[in-house]
Amino acid sequence: MVITSLLLVVGLLLLFAGGESLVRGASQLAYAAKLSPLFVGLTIVAFGTSTPELVVSISTALQGEADLSLGNVVGSNIFNILFILGLSAVVAPLTVKRQIVRWDVPLMIAISVVLLILAQDGRLTALEGWALLAGMLTYTAFSYWQGSRDRDAVAVPADDVPAASGRKGMFFQLGLILFGLVLLVAGCELFVRSAISIAQALGVSTTIIGLTIVAAGTSLPELATSVIASYRNERDIAVGNVVGSNIFNILGVLGSACIFSGTGVGVPESFLQFDLPIMVGTAIVCLPIFFTGRVIARWEGAVFLVLYVAYTTYLILATTNSGYRDHFGTAMIAFVLPLITLGIIVSLIRHPWKRTNSESVQSETR
């Protein structure tokens, strides 16, 4: 158990280092190509930081661990919104571009609902996986078209230009990308094998491991990227990273898992009753908050963090068959969720969305 735990930590470190190397190389190449930061966040950075989820899900699908693949995607999406966006907002209140509100967030909600509908028969087939991949390609092309129209918003950091310019610089960034991919594959193999071993030793289902440990572990690149971007005032990248990652997780990661598993991905009844609706709910709750004129304020970020703790607590209580599970769930439904809904409504009334001539709406200083 000690050796397995150490391998789990090593796998996490390799995943984080690989994701960081991949994103750094890809983002600098994108900046050199004069693409908008929002496009970089929604696609290059988001897809790059979601590579661990992609590698883990394909690997587990090939190993016949379909529950772990689905749990990885659903758990990552919940973690991305509640924990990563929440923590990023606590670091610094986030702003949002109108494109996010008009296109990307509604799309994230739509594909989350589509996934819930497709899962109703208890299985995601390979054909549905191909359809999800086709959706990812369409979204990427659309995002590039949007980004090409926003070239005036490009802001190239002065210290990134020398690293990405010239033939040597381009080869260096390509080397970072390849190095990151190698680390991701190695980290994925260590992390998945260790997580499955620990789950079997503790008697915990692979579904719960996928929703918590694997989901949070493979989301570490998103966490580091969004928090650092928020701290450095690169808020287009911080927000685009989370929204783009959630879209890529469903369309690209889960679509690939359905295809590589051969027989598709099974959907446990517990997912239909709890986890998938929670994922859809966390996506939906973003829209009214985004319409307040900023992505999320510090107090709203704190609420997101509390919700993630509550979600994880419920999973632990459900896994251990604790008698407190029903009481905890009742308290969440009867008290916590209505208070959060009321807070969102009050926020909408106090801070309605206002049209401005600027490309982005500035956050309220807290």
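1. Is A89 buried or exposed? A89 counts as buried, because its relative accessibility is 0%. The cut-off for buried is under 20% relative accessible area. Helix α4 holds this residue. Follow the chain onward and you reach A297, 208 residues away in sequence. In space, the C-alpha atoms of A89 and A297 are 5.9 Å apart. Keep in mind throughout that this is a predicted model.

2. Now the overall make-up. The protein chain has 366 residues, and 55% of them are buried. Its secondary structure comes to 14 helices and 4 strands. The chain exposes about 15900 Å². Carbon and sulfur atoms supply 68% of that area.

3. Contacts reach far along the sequence. Take the contacts between residues at least 6 apart in sequence. Of these, 86% join residues at least 24 apart. V113 and G281 give a long separation to look at: they are 168 residues apart in sequence. Their C-alpha atoms lie 9.5 Å apart in space. V113 is found in helix α5. This residue is partly exposed, because its relative accessible area is 30%, and partly exposed is the class between under 20% and over 50%.

4. Next, the inside. The largest nonpolar core has 58 residues. Six residues have the most contacts inside this core: L70, I81, M108, L124, V267 and L276. Many helices take part. Those giving two or more residues are α2 (37–49), α4 (66–91), α5 (98–118), α6 (126–148), α10 (220–231), α11 (235–260), α12 (269–290) and α13 (298–319). The largest share comes from α11, with 12 residues.

5. M108 is a good place to zoom in. Leave aside its neighbours within four places in sequence. M108 is then in contact with I81, V243, N246, I247, A283 and C286. I81 is also among the residues with the most contacts inside the largest core. There is a second, separate core as well, and it has 18 residues. Among them are V55, L68, I198 and A199.

6. Which residue does the side chain of N80 meet in a polar contact? The partner is the side chain of N246, at 2.8 Å. N80 is found in helix α4. N80 counts as buried, because its relative accessibility is 0%. Not counting residues up to four places away in sequence, N80 touches L85, S219, E222, V242, S245, N246 and N249. N246 also appears in the contact list of M108.

7. Turn to the aromatic rings. A pair of rings is described by two things: the distance of the centres and the angle of the planes. The count comes to 6 aromatic pairs. F274 and Y311 form one that is stacked. Their centres are 6.0 Å apart, with 10° between the planes. The angle is under 30 degrees, so the pair counts as stacked. F274 lies in helix α12 and Y311 in helix α13, so the pair ties together parts that are 37 residues apart in sequence. F274 is partly exposed, with a relative accessible area of 23%. Y311 is buried, at 6%.

8. Y311 has another ring partner, Y308. The Y308 and Y311 pair is tilted, with 45° between the planes and 6.3 Å centre to centre. These two residues are 3 apart in helix α13, which means that about one helical turn separates them. Y308 is buried, with a relative accessible area of 9%. Ring pairs link F79, F83, F274, Y308 and Y311 into a cluster.

9. How far does the predictor trust each part? The chain averages a pLDDT of 75. A score of at least 70 is reached by 72% of the residues. Confidence is highest in strand β2 (residues 123–124), at a mean of 89. It is lowest in strand β4 (residues 360–361), at a mean of 40.

10. Two stretches call for a note. Over residues 158–162 the pLDDT is below 50. Beyond near neighbours in sequence, residues 158–162 have 3 contacts in the model. The pLDDT also stays under 50 over residues 354–366. For residues 354–366 the model has 29 contacts beyond four places in sequence.

Technical notes. Residues are numbered from 1 along each chain as its sequence is written. This is a predicted model: local features need pLDDT of at least 70, side-chain atom pairs count only at pLDDT 80 or more; totals for chains, interfaces and linings use all residues. Side-chain values use heavy atoms; hydrogens and water are left out. A nonpolar core is a set of buried Ala, Val, Leu, Ile, Met, Phe, Trp, Tyr and Cys residues joined through side-chain atoms within 4.5 Å. Buried means under 20% relative accessible area, exposed over 50%, partly exposed in between (1.4 Å probe, protein chains only). Contact means heavy atoms within 4.5 Å. Accessible areas come from the Shrake-Rupley method with a 1.4 Å probe; for residues, only the protein chains shown count as cover. Rings of Phe, Tyr and Trp (its six-membered ring) pair if their centres lie within 6.5 Å; planes under 30 degrees apart count as stacked, over 60 as edge-to-face and the rest as tilted. A polar contact is a pair of N or O atoms within 3.5 Å; within protein, one must be able to donate a hydrogen and the other to accept it, and residues adjacent in sequence count only if both atoms are side-chain atoms. pLDDT is the predictor's confidence in each residue, from 0 to 100.
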